[in-house]
Amino acid sequence: METLKNVEIALYQVPLKQALSDAKVLTGRQKPLAQVDMLTAAVETSSGARGFGFSYSLRAGGNALFAHAKDLAGALIGEDPADIGRLWEKLAWLGASVSRTGVTVQSIAAFDIALWDLKAKSCNRSIGKLIGAYRDAVPCYNTSGGYLNASKAEVLGNVDASLERGIGGIKIKVGQPDVTKDIERVAAVRQHVGPNVPVMVDANQQWDYTTALRAGRALDAFNLVWMEEPISAYDYRGHARLSEKLDTPIATGEMLSSVAEVSELIDHQSVTFLQPDAPRVGGITPFLKLAALADVKRLKLAPHFVMEIHIHLACAYPHESWVEHIEWLEPAFNERIQIRDGNMFLPEIPGLGFSLSEQAQTWRIAYARF
């Protein structure tokens, strides 16, 4: 039987070209985003086959992810790499006294994705094809050009650049203390792109229910694909009430970090678009559990960030799916995702389809081998 012989983990700090601010910064709850902390895991079998996976954190938490991964990694040695579900539970129980959500599962995600990468490579298939793809491409939308640190003129320039690249939709940040400024930005984008380009907005949880309802009623006029995170991520009932009262569909789920938390959105009928984040919920294994629950309710899917992982999962979901285009991690990888005609295409390379670039090595701040 083939077993796991070596496990390597590393932490990288991938810098952004410029610091970005969303509504959480304008309300004083967070500092501008200047880098992505990326936790990687590489697993090697007794036959020399290797798998690669990663997780991440924003603003804070990268050192915590690495520290917890360091506590867990040795437990994989000698195990059968095919037993991905059992190994997820083994690692989760090892850290259960801390929790089965947050940092603990986000550390496990790097190992889980590495094991899926290994399995898909052994079948000479991409992860999306291994899971069972329904399609080879899904619509994509850009978020990184719509942050609140950019002026309206800069946002419109970013919109043009995204559409020229072949990206299909545009998401802009809202949630400023003055809602009228948000409406002005949305109106400017809608007028600029015309009635047929998909447009989304994201308030990053910065409204209370009343503000979100009033803002949502004003935003209904712009034929948006969705309004994202209008209120607290944990206000399942509030999101359900907004879904009932507004024409614009509600999307949320990215800030929740377990199957149990995200499933509350499904149980409360809170959303039209479910937005789980595979690294945040613990990897591909728990994400697939959420996808099965969402499928039963015929929800639409729009996973958060890390397009390098989510292109596989969106292509393997039976109903309408979107992938978020954010290019922040591109410099860390050798490969690029193909984008054209509004769609993002499933990589044809076996496994996850990504390998670390030489540039990434200059950003490594921690490493351990087991």
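Which helices each supply at least two residues of the lining of the largest cavity? Hold that thought while we look at the open spaces. This is a predicted model, where local features need pLDDT of at least 70 and side-chain atom pairs count only at pLDDT 80 or more, while totals for chains, interfaces and linings use all residues. Residues are numbered from 1 along each chain as its sequence is written, and side-chain values use heavy atoms, with hydrogens and water left out.

Start with the largest pocket (an open set of points on a 1 Å grid over the protein atoms alone, with protein on both sides within 12 Å along at least five of seven lines). Its volume, the space filled by probe spheres set on points joined across faces, edges and corners, is about 570 Å³. Its lining (residues with an atom within 4 Å of a point) has 23 residues, with Lys-17, Ser-144, Gly-145, Glu-327 and Trp-328 nearest the centre. Strand E1 (4–20) and helix H6 (152–165) each give two or more of them; helices (H or I, at least four residues) and strands (E, at least two) are DSSP runs, numbered from the N terminus.

Next comes the second largest pocket, with about 450 Å³ of space. Among its 30 lining residues, Gln-30, Tyr-56, Leu-58, Met-255 and Arg-280 sit closest to the centre. Strand E3 gives the most to this lining, with three residues.

Now back to the cavity, a set of points where a 1.4 Å probe fits but cannot get out. The largest cavity holds about 30 Å³, and H6 and helix H7 (179–193) are the helices we were after. Lys-152, Val-155, Leu-156, Ile-172, Arg-185, Ala-188 and Val-189 line this cavity.
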